[in-house]
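Here are my comments on the model, set out as numbered points. Please read them with the coordinates open.

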Amino acid sequence: MTAMKLKLNIDPDIVAMMAAEVAAGERAVTAAMREAGTGLKSAWRLQITGAGLGTRLANSIRSQNFPRSGESLDAAALVWSKAPVIVGAHDTGPLIRSKAGFWLAIPLPAAGKSLRGGRITPGEWERRRGLRLRFVYRRTGPSLLVAEGRLNTKGQAVVSRSKTGRGKVTAPIFLLVPQVKLPKRLDLARDADRALDSVPGLIVANWVEAR
């Protein structure tokens, strides 16, 4: 058997060209992922405001690029919400049931609002108003929690001070339902798929532009 020895001489110009191409690729991939992430964040925020869910929830959508500094062929972008439970609920449209397995109490206009923000609960309502809620079963339609009092100028039930009973009403305060289906108001996967599909084109565009 005849032994053969090979020697490869690499032209320094070729090495420089390869290094330049790698650097161009790193810049292109990093720029593409940054654009895709920013675009997805904007698309999700527009979806949320367009669904009437407000700018506060829309601004919970954040993005972060990796690496945080520098450029890499393994660059990535992360887009997420700081309120994942709320955003996720509007994205999936879940069926909501009471944790205790009884009723969900949905406040009516006469209930007013909670001092802690959000919907008021029957317990908080009774403590604040000084009135007792009474259960009214209805065979057809949701059952009710009602209170005996009067309606103030805001249409909220309060204690009646009338000794004659003038102006006293039986006001429905809460609707009672066993469960409620939250409507699906968002389609985050649609925009995520679009952002993912755009990445190859963005890489090519940024690579060509860098040249």
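1. A residue is called buried when its relative accessible area is under 20%, exposed when the value is over 50%, and partly exposed in between. Arg128 is therefore classed as partly exposed, since its relative accessibility is 35%. The same terms are used throughout this note, and it should be kept in mind that the model is a predicted one.

2. On the overall architecture, the protein contains five helices and nine strands, and their order along the sequence is α-α-β-β-α-β-β-α-β-β-β-β-β-α. The protein has 211 residues, of which 31% are buried. Among contacts with a sequence separation of 6 or more, 61% are between residues 24 or more positions apart. The exposed area of the protein is about 14,600 Å², with carbon and sulfur atoms supplying 58% of that area.

3. The salt bridges deserve some attention, and a search of the whole structure returns six of them. As background, side chains of opposite charge can pair when their charged atoms come close. One of the six joins the side chains of Glu124 and Arg128, with 3.8 Å from N to O, a value to be read against the limit of 4 Å used for a salt bridge. Both residues belong to helix H4 and are four residues apart, or about one turn of the helix. In general, an α-helix has 3.6 residues a turn, so residues three or four places apart point the same way. The two partners fall into separate accessibility classes, because Glu124 is buried at 5% relative accessible area, whereas Arg128 is partly exposed at 35%.

4. Glu124 also appears in the surroundings of Arg116, a residue of the loop between E4 and helix H4 (122–129). When residues up to four places away in sequence are left aside, Arg116 touches Thr121 and Glu124. Arg116 itself counts as exposed, because its relative accessibility is 65%, while its contact partner Glu124 is buried at 5%.

5. Which strands does the salt bridge between Arg134 and Glu148 tie together? The side chains of these two residues meet at 2.7 Å, N to O. Arg134 lies in strand E5 (residues 134–136) and Glu148 in strand E6 (residues 143–151), so the bridge ties together parts that are 14 residues apart in sequence. Both ends are partly exposed, because the relative accessibility is 41% for Arg134 and the relative accessible area is 32% for Glu148.

6. A further salt bridge is formed by Arg194 and Asp191, whose closest N and O atoms are 3.8 Å apart. These residues are three places apart in helix H5 (residues 188–210), and about one helical turn therefore separates them. Arg194 is exposed, because its relative accessibility is 55%, whereas Asp191 is buried, with a relative accessible area of 7%. Through salt bridges that share partners, Arg190, Asp191 and Arg194 are joined into one network.

7. Turning to the aromatic residues, how many aromatic pairs are counted? The count comes to one aromatic pair. The pair consists of Trp103 and Phe135, and its geometry is tilted, with 6.2 Å from centre to centre and 45 degrees between the planes. It links distant parts of the chain, for Trp103 is in the loop between E3 and E4, Phe135 is in strand E5, and the two are 32 residues apart. More precisely, the loop that holds Trp103 runs between strand E3 (95–97) and strand E4 (104–107). Both rings belong to partly exposed residues, because Trp103 has a relative accessible area of 38% and Phe135 a relative accessibility of 42%.

8. The two members of this aromatic pair recur in a nonpolar surface patch of about 500 Å², made by Phe102, Trp103, Phe135 and Tyr137. The limit for joining such a patch is over 30% relative accessible area, and Trp103 qualifies because its value is 38%.

9. A last comment concerns helix H3 (residues 84–92), in which Val87, Ala89, His90 and Asp91 are buried. The residue that follows H3 is Gly93, and its phi is positive, near 65 degrees.

Methods. Residues are numbered from 1 along each chain as its sequence is written. This is a predicted model: local features need pLDDT of at least 70, side-chain atom pairs count only at pLDDT 80 or more; totals for chains, interfaces and linings use all residues. Side-chain values use heavy atoms; hydrogens and water are left out. Patches are made of residues with over 30% relative accessible area and no salt bridge: like charges are joined within 9 Å, nonpolar side chains (Val, Leu, Ile, Met, Phe, Trp, Tyr) within 5 Å. Accessible areas come from the Shrake-Rupley method with a 1.4 Å probe; for residues, only the protein chains shown count as cover. Buried means under 20% relative accessible area, exposed over 50%, partly exposed in between (1.4 Å probe, protein chains only). Contact means heavy atoms within 4.5 Å. Rings of Phe, Tyr and Trp (its six-membered ring) pair if their centres lie within 6.5 Å; planes under 30 degrees apart count as stacked, over 60 as edge-to-face and the rest as tilted.
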